[in-house]
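Look at the model below, starting with one helix and then turning to the enclosed spaces.

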Amino acid sequence: MTLENIPTYDPEHVGRVGEHAVVVGASISGLLTTRVLADGFDRVTVVERNELSDEPVARDGAPQTRHPHLLQGGGRVILDDLFPDFGDEFVAAGGLVIDAASDFNFYDEDGYVAHPPTRMPLYAGSRPLLEYIVRRRVADIDGVRVFDGCHVIDYRMDDTGKAVTGVELRGESETVLSADLTVDATGRASRTPNWLENQGYTPPEVADVTVDLAYSTVTVDRDTDDKRAFWAPASPPYTRGGGTIPIEAGRRQMLVNGVHGDDPPTDIDEFRTFASTLQITELEEILETHEILSEDVAYYPFPSNRRRYYEQLDRFPDRLLVVGDAIASYNPVYGQGMSVAALHALVLHHTLADNGLGNLAIQFFDEAERVIDTAWLMAVGADFQFPQTTGPKPRGTAIMGWYLSRLTRKAHTDGELAERLFRVILMEKPPTSLFRPSVVGRVLKPSIRSLHQTNA
Ligand SMILES: Cc1cc2nc3c(=O)[nH]c(=O)nc-3n(C[C@H](O)[C@H](O)[C@H](O)COP(=O)(O)OP(=O)(O)OC[C@H]3O[C@@H](n4cnc5c(N)ncnc54)[C@H](O)[C@@H]3O)c2cc1C
């Protein structure tokens, strides 16, 4: 499920649902969840273990924020709906709006994909800047409180053991927060599965698709009018990839990465060497003429795509939800996590409007699963192109991989096909849109070169 399949946000849609909700984790998912809950609860408290700065800076609690984050079109549209004039505020703070159809250069399957004919705006900026603006907007909402420097150490249960009634905190004078709804937005390392087990519930099944990815990132000087982005994911037989996006303050972030043990460097000189071995030459060229501004290389290992199947559970406590990376996290090269978080918030908005608190978790997990399916299929489908990738393989992965590979190659010279592909990658349209007869016809049509070879 993508942006196209979910009705848009409607502020009039949600009536009063409850008095107080608590959201654990003030990263993108927690903040967007807080935003939609504020329509239905008198008060929403978002609790974050990190001290939150009044400046856009990276945080230890979300170390991935030191690395390039692309907000896909699906996520961008939802942010614009949830926070009117978000784009203007982002740009005023130094962020950029780039056009995926001209500024974004996507290399895959041994070539650059053609530029699509239609403008496709994307927000480009550092992840701390994006998160900071979202946080500022959320904190301004009446009834919202942000408790930072507070670690949630446990959920509270009612006497029947069937419903969560709030959280216990460490690091704040108030040690218990009672709530009508508690939401886990603590990311990939979420402790909810262990907690469920300790309470006598069955934890969700987990799927790990192991790709052994690692990211290395530096910040580089940028000419102000140079808004180009380059993105070249590792794709077999090449275990290396890289990319760069323009960010605020005349800088760009540049990353190199490797999968299946082809570890990227943590040293600046080695970073340059690694960048010169990629399939694309642009990163090396940029580094030849522009200074690396960061003093060191930020490194982030990402062993596996991970998914927890909450939707399959027969029993789950009332008044508890899990959202975002805490349910599933994907190979970040495809830039889906924040858009999935935004789509989850939109799903939650509609589920609250339709159901209130009754059966909320069951309804939400069912719908959220459909969002996750799309992102999961795209990410692990691409990862399984490497024979070294291990884990449960979704049905149809091989044929989907073959088809996408052929489509991408055709899109090297076909801007309209490129647009179809981009709209799926950007989570605006579902992958099924790539199987419409008009698209299949273009993809399967023999190329002139192969016709020559057949006739020879
Ligand atoms: C290297 C990398 C690059 C990425 N690039 C992209 C990209 O280009 N585009 C994109 O859309 N996505 C990208 N992602 C994914 C994106 O970062 C996440 O999907 C996004 O942050 C949403 O995650 P989340 O809010 O669910 O969890 P997280 O971002 O992990 O946040 C969890 C929060 O919970 C807090 N927390 C944890 N435990 C507690 C506790 N007990 N008490 C209180 N607070 C707690 C943490 O401090 C943290 O703030 C990338 C991820 C990685 C790893």
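In helix α4, the buried residues (under 20% relative accessible area with a 1.4 Å probe, protein chains only) are Arg 127, Pro 128, Leu 129, Leu 130, Glu 131, Tyr 132, Ile 133, Val 134, Arg 135, Arg 137 and Val 138. This is a predicted model in which local features need pLDDT of at least 70, side-chain atom pairs count only at pLDDT 80 or more, and totals for chains, interfaces and linings use all residues. Residues are numbered from 1 along each chain as its sequence is written, and side-chain values use heavy atoms, with hydrogens and water left out.

Because 11 of the 13 residues of α4 are buried, the helix is largely enclosed by the rest of the structure. Its cover includes α1 (28-37), α2 (73-82), α3 (86-92), β7 (144-147) and α8 (337-355). Helices (H or I, at least four residues) and strands (E, at least two) are DSSP runs numbered from the N terminus.

The whole structure holds three cavities of 30 Å³ or more. A cavity is a set of points on a 1 Å grid over the protein atoms alone where a 1.4 Å probe fits but cannot get out, and lining residues have an atom within 4 Å of a point. The largest cavity has a volume of about 60 Å³, the volume being the space filled by probe spheres set on the points. Among the residues lining the largest cavity are Val 211, Asn 257, Tyr 334 and Asp 383. Two or more lining residues come from each of β12 (206-221) and α9 (360-383). Domain 1 (3-101 + 115-207 + 305-382) and domain 2 (209-303) each give at least three residues to this lining, with domain bounds taken from an automatic or database domain assignment.

How values were computed: On a 1 Å grid over the protein atoms alone, a cavity is a set of points where a 1.4 Å probe fits but cannot get out, and a pocket is an open set with protein on both sides within 12 Å along at least five of seven lines; lining residues have an atom within 4 Å of a point. Buried means under 20% relative accessible area, exposed over 50%, partly exposed in between (1.4 Å probe, protein chains only). Contact means heavy atoms within 4.5 Å.
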